[in-house]
Structure formats: structure tokens, C-alpha cells
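Open the model in your viewer and keep the selection panel at hand. This tour goes stop by stop, with something to select at each one.

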Protein chains: 2
Amino acid sequence: MDAVFHALGDATRRRMLADLANGERTVSQLAEPYAMSLAAASKHIKTLENAGLIRREVRGRTHLCRLDPGPLAQAHQWLGFYERFWTSRLDALERLLREEDAAANVTNTRDGDPR
Amino acid sequence: MDAVFHALGDATRRRMLADLANGERTVSQLAEPYAMSLAAASKHIKTLENAGLIRREVRGRTHLCRLDPGPLAQAHQWLGFYERFWTSRLDALERLLREEDAAANVTNTRDGDPR
DNA sequence: ACAATTCTCAACCAGATGGTTGACTATTAT
DNA sequence: ATAATAGTCAACCATCTGGTTGAGAATTGT
């Protein structure tokens with residue numbers, strides 16, 4: 001999870017993923033849009049690969065990359081936990097109540113502290 | 001977006017967010033579970049704040065932190081773009097077709113290259 | 001056989017990151 | 001007034017990050 005979010009925390013790598021959403025790409029194809037050396041782009045690709053976000057198929061001298069959506073799904077699910085904080089008015093009410101609770105607790109004891 | 005994903009790419013900060021999902025917390029309360037100095041935890045909190053993930057209300061000498069779900073929603077939405085890659089069988093079929101397309105294109109011209 | 005293409009690797013560099021400690025400000029309690 | 005509490009700030013340090021260049025490996029084209 002660390003590796004996934006870290007990989008996503010770079011615009012270049014996010015654009016590479018977006019590119020891969022349109023189909024397989026070789027390393028050079030992925031690198032082409034960027035004003036950096038091939039070696040630098042290759043490092044980005046390796047970062048994505050280490051995070052499990054892409055898989056690589058070596059075909060002769062070219063490396064074909066494809067998206068692996070698994071970790072993206074995990075990250076999406078992780079963020080989904082917080083969905084209740086931004087969605088409905090009903091949740092806004094719940095949040096309000098919960099926060100009043102929390103405020104009451106904060107002035108006395110921490111949540112979960114033994115009495 | 002860079003800042004958001006970067007902030008999420010650290011387990012300590014993710015745990016702090018999870019803590020804040022249960023209600024407001026002061027800086028010391030957020031820092032308490034971790035084996036690091038208060039100053040170090042304070043830096044993490046500032047990182048979260050700079051990413052817009054939390055807001056801070058200074059109340060006397062204590063700083064009360066609350067979750068701001070906005071950026072989380074954005075990140076969730078960004079990931080949602082890739083939902084079709086991991087969800088239904090129907091999408092799996094679409095993906096297959098799209099990838100055959102892509103494969104055909106790759107052997108000839110890049111997507112979007114002028115003819 | 002030779003040359004060109006694709007890509008990785010290693011060494012190097014500047015700057016960011018995550019941690020420390022010590023000093024400091026501001027508020028609250030005695 | 002003094003002391004304790006909550007928190008930041010600045011300096012410092014080791015390590016990671018994102019880029020470079022140069023060399024080399026592996027495959028493909030002539």
C-alpha cells in the first residue's frame with residue numbers, strides 16, 4: 001500500500017498509467033512524451049512495476065507493459081472507507097453526532113482509554 | 001493531487017487519518033501511538049495539512065485537528081476512472097477487445113498518430 | 001559479420017524526506 | 001511569579017528520490 005500510493009504520488013507515473021489505460025505500451029512508447037532520458041523513464045516504470053501497478057512481458061528486445069488494476073482497486077477500496085465523510089447529508093448528520101460525542105470524550109478521556 | 005497521494009504514501013499518516021475518522025484529535029493525541037518525537041509527528045501532521053487532508057483549529061495552547069474529506073474524495077474519483085479494469089465480466093470482455101485493437105495498432109502505428 | 005535498436009545497470013548529483021535534539025513561544029495551572 | 005503543558009521552529013543527519021551520463025547486454029536488421 002505504501003508503494004502504491006507512493007507510485008501514484010508523481011504526475012509522470014500517473015500519466016503513464018493513464019496511457020496504459022488505452023492499451024499495452026513498450027518502454028520507449030511510455031517514455032516518449034516526457035522530456036527526460038529513457039533511463040529516467042525506465043526508473044518510473046520500474047517503480048510502477050514494483051508497486052504491482054503494471055506487469056511486463058519481455059518480447060524480444062522490447063518490453064511490453066500492461067496495466068494491473070489490482071492495487072488500484074485496493075487503493076480505491078481503502079479510500080472508500082472515508083466515503084461516508086464526503087457523500088450524503090444523512091452522513092453529515094451522523095458525522096455531526098459522532099463529533100459531538102468525540103468532543104465530549106476529548107474533554108474527559110481518550111476514546112478507548114480504560115475508566 | 002501529488003501532495004495528496006504523497007501524504008497517503010506513509011503508513012503513519014494513513015493511521016493518523018484513520019484515527020481522525022473517529023473524531024477530532026489534538027496533535028499530542030495523534031502523536032501518542034508512535035515511537036517518535038512530538039516534533040516528528042508534528043511534521044507528519046503538517047504534511048497532511050498541506051495536502052488539505054486535515055484542518056486545524058487552534059484552541060488555546062492545543063491544536064485540534066479534524067479530517068477534511070475533500071481531497072480523499074478527489075483521489076477516490078481519480079482511481080474510479082480505472083474501475084472498469086477490475087470490476088465486471090462485461091468490462092473484461094471490453095478490455096479484451098480493446099487490447100486486441102491496441103495490439104493491432106502497436107504493430108502498425110501508435111494510437112493517435114496521423115496517417 | 002556488423003550496425004542499429006531497445007532497454008537496463010551503475011555511478012554520480014542535487015534536492016526532498018523523515019527522523020533527531022535543543023531552544024523557543026504561548027497558554028494554563030499552582 | 002513560577003512551573004508545567006502543548007506545540008512549533010531551526011539546525012542537523014542519514015537515507016531516499018528523480019534526474020543525469022556512460023557503458024553494456026540482448027535482440028533485430030542489413
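Which residues in H2(A) meet which residues in H4(A)? Keep in mind that this is a predicted model. Select Thr12(A), Arg13(A), Met16(A) and Leu17(A) for the H2(A) side. Then add Ala41(A), His44(A), Ile45(A), Thr47(A) and Leu48(A) for the H4(A) side. By class, this contact holds five nonpolar residues, three polar ones and one charged one.

Now show the two helices whole. H2 covers residues 11-20 of chain A, and H4 covers residues 38-50 of chain A. Their axes lie 10 Å apart and cross at an angle of about 70°. Angles of 65 to 115 degrees count as roughly perpendicular, so that is the description that fits H2(A) and H4(A).

**Stop 2: chain A as a whole**

Colour chain A by secondary structure. You should find six helices and three strands. Trace the sequence and the order reads α-α-β-α-α-β-β-α-α. Chain A has 115 residues, and 39% of them are buried. Next, consider its contacts between residues at least 6 apart in sequence: 47% of these join residues at least 24 apart.

**Stop 3: Leu17(A)**

Go back to helix H2 of chain A and pick Leu17(A). Is Leu17(A) buried or exposed? Leu17(A) is buried, with a relative accessible area of 0%. Show what is in contact with it, leaving aside neighbours within four places in sequence. From chain A, the list includes Leu8(A), Leu48(A), Leu53(A), Ile54(A), Leu67(A) and Leu72(A). From chain B, Trp78(B) and Tyr82(B) are in contact with Leu17(A) too. Now put a distance between the C-alpha atoms of Leu17(A) and Asp68(A). It should read 9.6 Å, for two residues 51 apart in sequence.

**Stop 4: helix H5 of chain A**

Select residues 70-80 of chain A, which form H5. The buried residues here are Pro71(A), Leu72(A), Ala73(A), Ala75(A), His76(A) and Leu79(A). What covers them? From chain A, the cover includes H1 (2-8) and H2. From chain B, it includes H1 (2-8) and H5 (70-80).

**Stop 5: Leu53(B)**

Switch to chain B and find the loop between H4 and strand E2 (54-59), where Leu53(B) sits. Leu53(B) is buried, with a relative accessible area of 0%. Not counting residues up to four places away in sequence, the residues it touches include Val4(B), Ala7(B), Leu8(B), Leu17(B) and Leu48(B). Also among them are Arg66(B), Leu67(B), Asp68(B), Pro71(B) and Leu72(B). Pair Leu53(B) with Val4(B): they are 49 residues apart along the chain, with 7.4 Å between their C-alpha atoms.

**Stop 6: DNA strand C**

Show DNA strand C and the 23 residues that surround it. The closest are Ser28(A), Ser42(A), Lys46(A), Arg56(A) and His44(B). Of the strand C atoms within 4 Å of the protein, 68% belong to sugar or phosphate and the rest to bases.

Zoom in on individual atoms:

- Arg61(A) has a polar side-chain atom 2.8 Å from a base oxygen of strand C.
- Arg13(B) has one 3.2 Å from a phosphate oxygen of strand C.
- Ser37(B) has a side-chain N or O atom 2.8 Å from a phosphate oxygen of strand C.

Which elements give two or more residues to this surface? They are H3 (27-31), H4 and E3 (62-67) of chain A, together with H4 of chain B. H4(A) gives the most, with five residues. The classes are six nonpolar, nine polar and eight charged.

**Stop 7: DNA strand D**

Finish with DNA strand D, which is surrounded by 23 residues. Select the closest: Lys43(A), His44(A), Ser28(B), Ser42(B) and Arg56(B). Sugar and phosphate make up 71% of the strand D atoms that come within 4 Å of the protein.

Again, zoom in:

- Arg61(A) places a polar side-chain atom 3.1 Å from a base oxygen of strand D.
- Arg61(B) has a side-chain N or O atom 2.9 Å from a base oxygen of strand D.
- Ser42(B) has a polar side-chain atom 2.3 Å from a phosphate oxygen of strand D.

The elements giving two or more residues here are H4 of chain A with H3 (27-31), H4 (38-50) and E3 (62-67) of chain B. H4(B) gives the most, with five residues. By class, this surface has six nonpolar, nine polar and eight charged residues.

Key
Residues are numbered from 1 along each chain as its sequence is written. Chains are lettered from A and ligands numbered from 1 in the order in which they are written. This is a predicted model: local features need pLDDT of at least 70, side-chain atom pairs count only at pLDDT 80 or more; totals for chains, interfaces and linings use all residues. Side-chain values use heavy atoms; hydrogens and water are left out. Axes are lines fitted to C-alpha atoms, for helices over the stretch in contact, and angles run from 0 to 180 degrees between N-to-C directions. Helices (H or I, at least four residues) and strands (E, at least two) are DSSP runs, numbered from the N terminus. Angles under 35 degrees count as roughly parallel, over 145 as roughly antiparallel, 65 to 115 as roughly perpendicular and the rest as oblique. Contact means heavy atoms within 4.5 Å. Ala, Val, Leu, Ile, Met, Phe, Trp, Tyr, Cys and Pro count as nonpolar, Asp, Glu, Lys and Arg as charged, and the others, Gly among them, as polar. A residue is near a molecule or strand if one of its heavy atoms lies within 4 Å of it. A polar contact is a pair of N or O atoms within 3.5 Å; within protein, one must be able to donate a hydrogen and the other to accept it, and residues adjacent in sequence count only if both atoms are side-chain atoms. Buried means under 20% relative accessible area, exposed over 50%, partly exposed in between (1.4 Å probe, protein chains only).
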